[in-house]
Amino acid sequence: MQEVPKIEIVRITIIDEMTTEMCFVNTGSKRNTAILILPALGVPARSYSKLLLCLAKVGYNAAVFDLRSQGNSSVTAGKGINYGYHELLTEDIPAAIREVY
């Protein structure tokens, strides 16, 4: 029976000093792919641990990261803090992809 890898918790830098937490499971598979899960709004990355482990059981590398102002992100929502889908698509997701690959 194949041993299921443990979930690694890593800090990734989005831009400048803005960081967030990523949960990653690396199966050691020869596949040059990974599944990047985008969490639901308001749901921390660690809530997806069971899904990551299920994907690992069938041989997929997988990762999920905390969105800005959620979970263990260094960004705190507040007055004068502006971000949205543009930043998610142009900064956050590319940083996550760089970390996984």
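# Group meeting talk: strands, salt bridges and a surface patch

Let me start at the surface. Tyr85 is exposed, with a relative accessible area of 59%. Tyr85 sits in helix H2. Keep in mind that this is a predicted model.

Who shares the surface with Tyr85? Leu41, Tyr85 and Leu89 make a nonpolar surface patch. The patch covers about 400 Å².

Now to the strands. Strand S1 takes in residues 8-15, and strand S2 takes in residues 18-25. The two run antiparallel. Seven bridges join them. Let me name two of the pairs. Val10 has Met22 as its bridge partner in S2. Ile9 has Cys23 as its bridge partner in S2.

S1 and S2 form a hairpin, with two residues between the strands. Look at Asp16 there. Asp16 takes a positive phi near 45°.

S2 has another partner as well. Four bridges join S2 to S4, and these two strands also run antiparallel. Find Met22 again. Met22 stands opposite Phe65 in S4. Met22 is also the bridge partner of Val10.

How many of the eight residues of S2 are buried? Eight of the eight. Both faces of the strand are covered. On one side you have Met18, Thr20, Met22 and Phe24. On the other you have Thr19, Glu21, Cys23 and Val25.

Take Val25 from that second side. Val25 is in strand S2. Its relative accessible area is 0%, so Val25 is buried. What does Val25 touch, leaving aside neighbours within four places in sequence? Its contacts are Pro5, Lys6, Leu52, Ala56, Tyr60, Asn61 and Ala62. For a sense of distance, take Ala45. Val25 and Ala45 are 20 residues apart in sequence, and their C-alpha atoms are 13 Å apart in space.

Next, the charges. Side chains of opposite charge can pair when their charged atoms come close. In this model the count comes to three salt bridges.

Here is one of them. Glu21 forms a salt bridge with Arg46, and the closest N and O atoms are 2.7 Å apart. This pair links distant parts of the chain, 25 residues apart. Glu21 is in strand S2. Arg46 is in the loop between strand S3 (35-37) and helix H1 (49-57). Is each partner buried or partly exposed? Glu21 counts as buried because its relative accessibility is 7%. Arg46 counts as partly exposed because its relative accessibility is 45%.

Now move to Arg68. Glu91 forms a salt bridge with Arg68, with the closest N and O atoms 2.5 Å apart. Again the pair links distant parts of the chain. Glu91 is in helix H2, and Arg68 is in the loop between S4 and H2. The two are 23 residues apart.

Arg68 also meets Asp92. Their side chains form a salt bridge at 2.7 Å, N to O. Asp92 is in helix H2 too, 24 residues from Arg68. Put together, Arg68, Glu91 and Asp92 are linked in a network of salt bridges.

How covered is that network? Arg68 has a relative accessibility of 10%, so Arg68 counts as buried. Asp92 is buried, with a relative accessible area of 4%. Glu91 is at 22%, and the cut-off for buried is under 20%, so Glu91 counts as partly exposed.

Stay in the loop between S4 and H2. Strand S4 is 62-65, helix H2 is 85-100, and Gln70 lies in the loop between them. Gln70 is buried, with a relative accessible area of 13%. Which residues does Gln70 touch, not counting those up to four places away in sequence? Ala40, Leu41, Gly42 and Val43. One of these comes with a polar atom pair. A polar atom of the Gln70 side chain lies 3.3 Å from the backbone nitrogen of Val43. And Leu41 you have met before, in the nonpolar patch with Tyr85 and Leu89.

Last stop, back in helix H2. Ile93 is found there. Ile93 counts as buried because its relative accessibility is 14%. Not counting residues up to four places away in sequence, Ile93 touches Leu36, Leu38, Phe65 and Leu88. Phe65 is the S4 residue that stands opposite Met22. Now compare Asn72. Ile93 and Asn72 are 21 residues apart along the chain, with their C-alpha atoms separated by 16 Å.

To close, go back to the helix where we began. Tyr85 in H2 is exposed. Ile93 in H2 is buried.

How values were computed:
Residues are numbered from 1 along each chain as its sequence is written. This is a predicted model: local features need pLDDT of at least 70, side-chain atom pairs count only at pLDDT 80 or more; totals for chains, interfaces and linings use all residues. Side-chain values use heavy atoms; hydrogens and water are left out. Buried means under 20% relative accessible area, exposed over 50%, partly exposed in between (1.4 Å probe, protein chains only). A polar contact is a pair of N or O atoms within 3.5 Å; within protein, one must be able to donate a hydrogen and the other to accept it, and residues adjacent in sequence count only if both atoms are side-chain atoms. Contact means heavy atoms within 4.5 Å. Patches are made of residues with over 30% relative accessible area and no salt bridge: like charges are joined within 9 Å, nonpolar side chains (Val, Leu, Ile, Met, Phe, Trp, Tyr) within 5 Å. Accessible areas come from the Shrake-Rupley method with a 1.4 Å probe; for residues, only the protein chains shown count as cover. A salt bridge is a side-chain nitrogen of Lys or Arg within 4 Å of a carboxyl oxygen of Asp or Glu. Two strands pair if DSSP finds at least two bridges between them.
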